[in-house]
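Q: I have a model open and want to go through its cysteines and a few other parts. Can you take short questions?
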Amino acid sequence: MFNQFQQVRVLALENNVIEKIEESTFDFLKDLLDLDLSYNNLPNVNGRLFENNKEMTSLSLAYNPLKQLPTDVFITMTKLASLDLQGLKIDNINNRMFQPLERLKFIYFSHFSYCQYAPRVPNCKPRSDGISSIHDLLEKQAFRVWVWIMALMCLLGNLVVFMCRNIIAEQSQMQSLIIRNLCVADFFMGIYLVIIGSQDISFRGDYNKHAYNWITSVGCEITGSIAMVSSEVSLMILCYMSIERFLYITRPFSHAVTIKGAIISMVIIWLVGLVLSLLPTMLSKEILGHFYGSNGVCFPLHIYHPFSNGWQYSASIMLGLNSVALIIITSCYIAMFVSIQTTRRKAKLKAKDISIAKRFFLIVITDAMCWVPIIVVKVCAMSNMYISVYQMSRSMSDARSDATADELSPNHKADPVSMISHDGKASTASTPKCLLLTTDK
C-alpha cells in the first residue's frame, strides 16, 4: 500500500475507522519514525505488523477495541521512545511484551497497574492509582504518616487492653473473652500496617521497579491474608457481640450464654476467618488471579479495577458478608435500645446492664462504621460511578508530577506524545485523516 512512499517519516492515520491492517502494510516504510493509529476500530494487531519498522521512535495504538497484543509485537522496535496504549484493556499484558524496548522513555496506559509490566520505562502514565505511584508504594506523605500512627495505635492499644483483661480479674469472663479475641484480631491489623509501612520505606523512590515482584510474591499474599483475617474476624466478633447483647437485654431471664458456648463461637469465627483469607491463596491463579496483588497494599478491595480476576470473591465478602454483618449489627442495636426504653418503664432491667450495653455499643459502632465508607466506595466502583475524592487524588498527583518533571527534567519538554495535538476525547476529531510527512535523504 505504501510502497511508493518509502521516504515517509511521519504517518498519521488516526480517526479513519480502520478495522483491519494487513501484515505487510508497513513493510516498505523502513524509515518511518512516527506512526499514529489511534481512534480506529482495530480488534487485533498482527504480531509481525511492525517487523520492518526498526527506526520507529513513536507509536500510538490508543483507543482501539484491542483486547490483546501479541507478546512479540514490539520485538524489533528497539529504538522506540514513546508508546501510547491509552484506552486499551490488555488482557494478556506481561513483562516480555516491553523487554525489547530498551530506549523507551514514555509509555501511556489506561490503568496504573499496567506500569508494573514496564519497570524500566522512566515515564509511565497514569502515574498513580490514588494510593501508590510509580515512585512510591504510598504516594502521599499523609498516607505514610497515618499508616505508622494507626499501626502503633493498633499494636500498643490492643496489647495494653489484652494484658489488662488478663491481669485484672473481672466478674464476666465471657465479656473478657470476647474483648480479648477482638484485641487479637485488631492486633493483626497493626502487623499488616507495619508490613505495608516497611515495604513503602524499602521501595521509596523506585516502587515501579519492584511492583510486579512485590504484588505477585508470597509476601504480598501473606500480608493480604493477615489484613483479611483481621478484618473479617473483627467484624464477625462485633456481630456476635451485638447478637449476644441483644438477646441478653431483650430476654434477660431466658437467654444465658455459657463461657463454653462463647469459646466455641470464637473458635468457629477464627476458623471461618482463616478459611476466607487463605482460600484465594489456594485456588488456581486462573480463577482469582493474584487476588491480594490487585494493588500495592495487598488488600483486595478491587476499587481501581472492579471487575478484574477475583472480583466476584471480593464482592461476595465486601458487599455480601460484610454488608449482612453491618445490617445485623445495626438492627440489633436499634432493637436493643427500643427494648431498653420499654424495659426501663417496667423496671425489670438493672442500670448496670444498661451501662454495659451502652459501653458495648460504643465499641461496636466505632469499629463497624469503619466498613461503611469501604462498602459505599466498592458499590460506586462496581457501578462505574464517579468517585470524586479518588479521581481528584489522581488528578492532583498527575498535575504535581508534571510540574515536578518540568522543573527537574529538561527532556520532559520533548515528550513525543505531548507534542502531538490530542485533546483526549475520542469524539473530537470526526473527519478521517491521513498525514504523510517526508524528508529528502
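Q: Cysteine 239 first: buried or exposed?
A: This is a predicted model. Cysteine 239 counts as buried, because its relative accessibility is 10% and the cut-off for buried is under 20%.

Q: Which cysteine sulfur is nearest to that of cysteine 239?
A: That of cysteine 332, 6.8 Å away. Cysteine 239 is in no disulfide, and cysteine 332 is in no disulfide either. Cysteine 332 is buried, with a relative accessible area of 10%.

Q: How many disulfides does the structure hold?
A: The structure holds 2. Cysteine 115 pairs with cysteine 124, with the sulfur atoms 1.9 Å apart. Cysteine 220 pairs with cysteine 298, at 2.0 Å between the sulfur atoms.

Q: What parts does the pair of cysteine 220 and cysteine 298 tie together?
A: Cysteine 220 lies in helix 4, and cysteine 298 is in the loop between helix 6 (285-288) and helix 7 (311-346), so the disulfide ties together parts 78 residues apart in sequence. Both cysteine 220 and cysteine 298 are buried.

Q: And why is the disulfide of cysteine 115 and cysteine 124 left-handed?
A: Because the torsion about its S-S bond is about -85 degrees.

Q: Switching to helix 3 (residues 207-215). Which residues are buried there?
A: Tyr207, Asn208, Ala211, Trp214 and Ile215. Seen down the helix axis they fall within an arc of 110 degrees, so they line one face of helix 3. Lys209 and Asn213, on the other side, are exposed.

Q: What covers the buried residues of helix 3?
A: The cover includes helix 2 (173-203) and helix 4 (218-250).

Note on methods
Residues are numbered from 1 along each chain as its sequence is written. This is a predicted model: local features need pLDDT of at least 70, side-chain atom pairs count only at pLDDT 80 or more; totals for chains, interfaces and linings use all residues. Side-chain values use heavy atoms; hydrogens and water are left out. Buried means under 20% relative accessible area, exposed over 50%, partly exposed in between (1.4 Å probe, protein chains only). Helices (H or I, at least four residues) and strands (E, at least two) are DSSP runs, numbered from the N terminus. The arc is that of the directions from the helix axis to the C-beta atoms. Contact means heavy atoms within 4.5 Å. A disulfide is a pair of cysteine sulfur atoms within 2.5 Å.
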